[in-house]
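This report describes a single protein chain, beginning with one loop residue and its surroundings. It then turns to individual helices and closes with the chain as a whole.

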Amino acid sequence: MNEMLSRAVAGTAAVARGVRDDQLGLPTPCDGFDVRGLLDHLAWTAAMFEALARREQPPPQDAGHAPFADRAGAVLAAWSAPGVTEGTSPALGMSMALVLQLVLGDMVIHGWDLARATGQDYAVDDATGEAVAAFVAGMAPQGRQMGVFGEEVPVAGDASPFERALGLSGRDPEWGR
């Protein structure tokens, strides 16, 4: 899982670094976020995921966080610590192993959102796609109730595992093509 997370965080950081100022107002496949808003969200989630790995309280969403690309290494370091997936998250009340799956899904899906919105490439290997699809499938009903996932978007029968994850999360894998 850590190899998948390492690839996901590195890929998303590369996409974040590739965003141009003239792209900040562009829409993204993530409902309610333009590129600037998604970059701000990624900055906060990086701070939040780092805190969760250390079993600390997550910072407030409006606390003015360092850009995601600058925090990527700290997120990976925190989730690479020995025993990080053992036990339960005090802040979320779910297993730390499940929190790690949440981190992976968030990184991969938002990395794709940002890449698609800005015309950049974002590759997801099948093993990561399968892991994210399994996580999203298990969390989709709750995610929809919480407003973090949209209604399922049908995908082709021969869709890749990651395309299935996108559809389950309410995203159209063909968005922006």
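In this predicted model, threonine 28 lies in the loop that joins helix H1 (2-17) to helix H2 (35-53). Threonine 28 has a relative accessible area of 8%, and because buried means under 20%, this loop residue counts as buried. Its side chain takes part in two polar contacts with the backbone, which are set out in the table below together with a third contact made by the side chain of threonine 118.

| Side chain | Backbone atom | Distance |
|---|---|---|
| Threonine 28 | Nitrogen of cysteine 30 | 3.1 Å |
| Threonine 28 | Oxygen of phenylalanine 33 | 2.7 Å |
| Threonine 118 | Oxygen of leucine 114 | 2.8 Å |

When neighbours within four places in sequence are set aside, threonine 28 is in contact with Phe33, Asp34, Val35, Leu38, Asp113, Ala117 and Trp175.

Threonine 118, the residue in the last row of the table, is placed in helix H4. Its relative accessibility is 9%, so threonine 118 counts as buried. Outside the four nearest places on either side in sequence, threonine 118 is in contact with Val15, Val19, Gln23 and Val35. Val35 also appears among the contacts of threonine 28. Threonine 118 and aspartate 22 are 96 residues apart along the chain, and their C-alpha atoms are separated by 9.9 Å. The polar contact of threonine 118 is made with the backbone oxygen of leucine 114. In general, an α-helix has 3.6 residues a turn, so residues three or four places apart point the same way.

A further threonine, threonine 45, is found in helix H2. With a relative accessible area of 1%, threonine 45 is buried. Beyond residues up to four places away in sequence, threonine 45 touches Asp106 and Met107. The C-alpha atoms of threonine 45 and alanine 66 lie 11 Å apart in space, with their positions 21 residues apart in sequence.

Is alanine 14, in helix H1, buried or partly exposed? Alanine 14 has a relative accessibility of 44% and therefore counts as partly exposed. From alanine 14 to valine 148, the C-alpha distance is 24 Å, at a sequence separation of 134 residues.

Arginine 55 is situated in the loop between H2 and helix H3 (68-79). Its phi angle is positive, at about 60 degrees, although the residue is not a glycine. The relative accessible area of arginine 55 is 35%, so the residue is partly exposed. Another positive phi, of about 95 degrees, is taken by glycine 170, just after H6.

Why is helix H6 (residues 161-168) described as largely enclosed by the rest of the structure? Six of the eight residues of H6 are buried, so the helix is largely enclosed. The buried residues are Pro161, Phe162, Ala165, Leu166, Gly167 and Leu168. Their cover includes helix H4 (96-118) and helix H5 (126-146).

The remaining values concern the chain as a whole. The protein chain holds six helices and zero strands, and its pattern along the sequence is α-α-α-α-α-α. For 177 residues, a compact globule would have a radius of gyration near 16 Å; the protein chain has 15 Å, so the value agrees with that expectation. Along the principal axes, the C-alpha atoms fill a box of roughly 40 × 35 × 30 Å.

Of the 177 residues, 45% count as buried. Among contacts in the protein chain with a separation of 6 or more, 65% are accounted for by residues 24 or more positions apart. The accessible surface comes to about 8600 Å², and carbon and sulfur atoms make up 51% of this area. As for charge, the protein chain has 12 positive and 23 negative side chains. The centres of the two sets lie 3 Å apart.

Note on methods: Residues are numbered from 1 along each chain as its sequence is written. This is a predicted model: local features need pLDDT of at least 70, side-chain atom pairs count only at pLDDT 80 or more; totals for chains, interfaces and linings use all residues. Side-chain values use heavy atoms; hydrogens and water are left out. Helices (H or I, at least four residues) and strands (E, at least two) are DSSP runs, numbered from the N terminus. The radius of gyration is taken over C-alpha atoms; the globule rule is 2.2 Å times the number of residues to the power 0.38. Buried means under 20% relative accessible area, exposed over 50%, partly exposed in between (1.4 Å probe, protein chains only). Contact means heavy atoms within 4.5 Å. Accessible areas come from the Shrake-Rupley method with a 1.4 Å probe; for residues, only the protein chains shown count as cover. Lys and Arg count as positive and Asp and Glu as negative; His and the chain ends are not counted. The place of a charge is taken as NZ of Lys, CZ of Arg, CG of Asp or CD of Glu. A polar contact is a pair of N or O atoms within 3.5 Å; within protein, one must be able to donate a hydrogen and the other to accept it, and residues adjacent in sequence count only if both atoms are side-chain atoms.
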